[in-house]
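Welcome! Please take a moment to look over the sequence and the model before reading on.

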Amino acid sequence: MPDISAGIIKIDGAPLPGYLQRLRVGANIIIDELPIQDLDGHLKLPAGFDEGNIEIILRLVGENGSSPYDLAGALQGIFRKTEQSKPQIHAISNVHVNARQISSVLIKQLETEETNEDDTLLATLWLEEFIPLAEQIQNNVSQANQAAAATEAASLAVVPEYPNGQGTPGADEEVPEP
């Protein structure tokens with residue numbers, strides 16, 4: 001039997017309304033491609049990680065005197081309050097999200113939809129992990145140090161010189177013996 005608490009997602013300590021239909025957590029790496037002098041191609045260097053992203057789909061069902069529209073309004077209040085001019089950083093808590101080590105997010109998009117099949121709404125929220133500026137700077141310094149080391153290593157790569165002055169032999173030139 002599934003753990004019901006795994007389906008509870010809390011934003012700023014309060015559970016999101018509705019029933020969890022799907023929770024998807026993703027992340028990507030960043031790869032820098034550095035050109036290698038006198039050679040065709042690039043040196044691929046893992047440079048870090050992009051922020052994680054989360055997709056949440058909730059079914060909003062009217063219960064206990066509230067309608068699905070009331071629940072959609074509650075989600076709207078989390079996404080953007082009437083007087084709010086900039087997006088807010090939110091604390092997020094959920095067993096799955098915690099396992100992926102994401103604790104702060106920005107809500108990038110909120111979408112609600114309804115059909116003529118039943119009296120419920122589906123709400124989809126897209127969230128992006130928020131990494132504080134100090135941590136971003138520290139990560140960027142580490143990434144810059146790695147990139148500088150890789151660039152130096154690439155520049156030290158020995159490329160044989162051929163008589164035509166290019167990095168590859170011509171059709172009528174011999175490859176020098178090592």
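Here is a short tour of the sheet, its helix and a hairpin.

## About the model

This is a predicted model, in which local features need pLDDT of at least 70, side-chain atom pairs count only at pLDDT 80 or more, and totals for chains, interfaces and linings use all residues. Residues are numbered from 1 along each chain as its sequence is written, and side-chain values use heavy atoms, leaving out hydrogens and water.

## The sheet

Let's start with the open sheet, whose 7 strands (DSSP E runs of at least two residues, numbered from the N terminus) follow the order 2-1-7-8-9-6-3 with antiparallel pairing. Two strands pair if DSSP finds at least two bridges between them. Strand 2 (14-15) and strand 3 (19-26) are the edge strands, each pairing on one side only.

Strand 7 (residues 89-93) and strand 8 (residues 104-114) run antiparallel and are joined by 3 bridges. A91 has S104 in strand 8 as its bridge partner.

## The helix across it

Helix 1 (residues 68-79; helices are DSSP H or I runs of at least four residues) lies across strand 1 (10-11), strand 6 (53-61), strand 7, strand 8 and strand 9 (120-129). Helix 1 runs at about 155° to strand 8; such angles run from 0 to 180 degrees between N-to-C directions, with axes fitted to C-alpha atoms, for helices over the stretch in contact (heavy atoms within 4.5 Å).

## The hairpin

Strand 4 (residues 29-35) runs antiparallel to strand 5 (residues 42-49), with 7 bridges joining them. D32 stands opposite L45 in strand 5. The hairpin has 6 residues between these strands, and D38 takes a positive phi near 65°.
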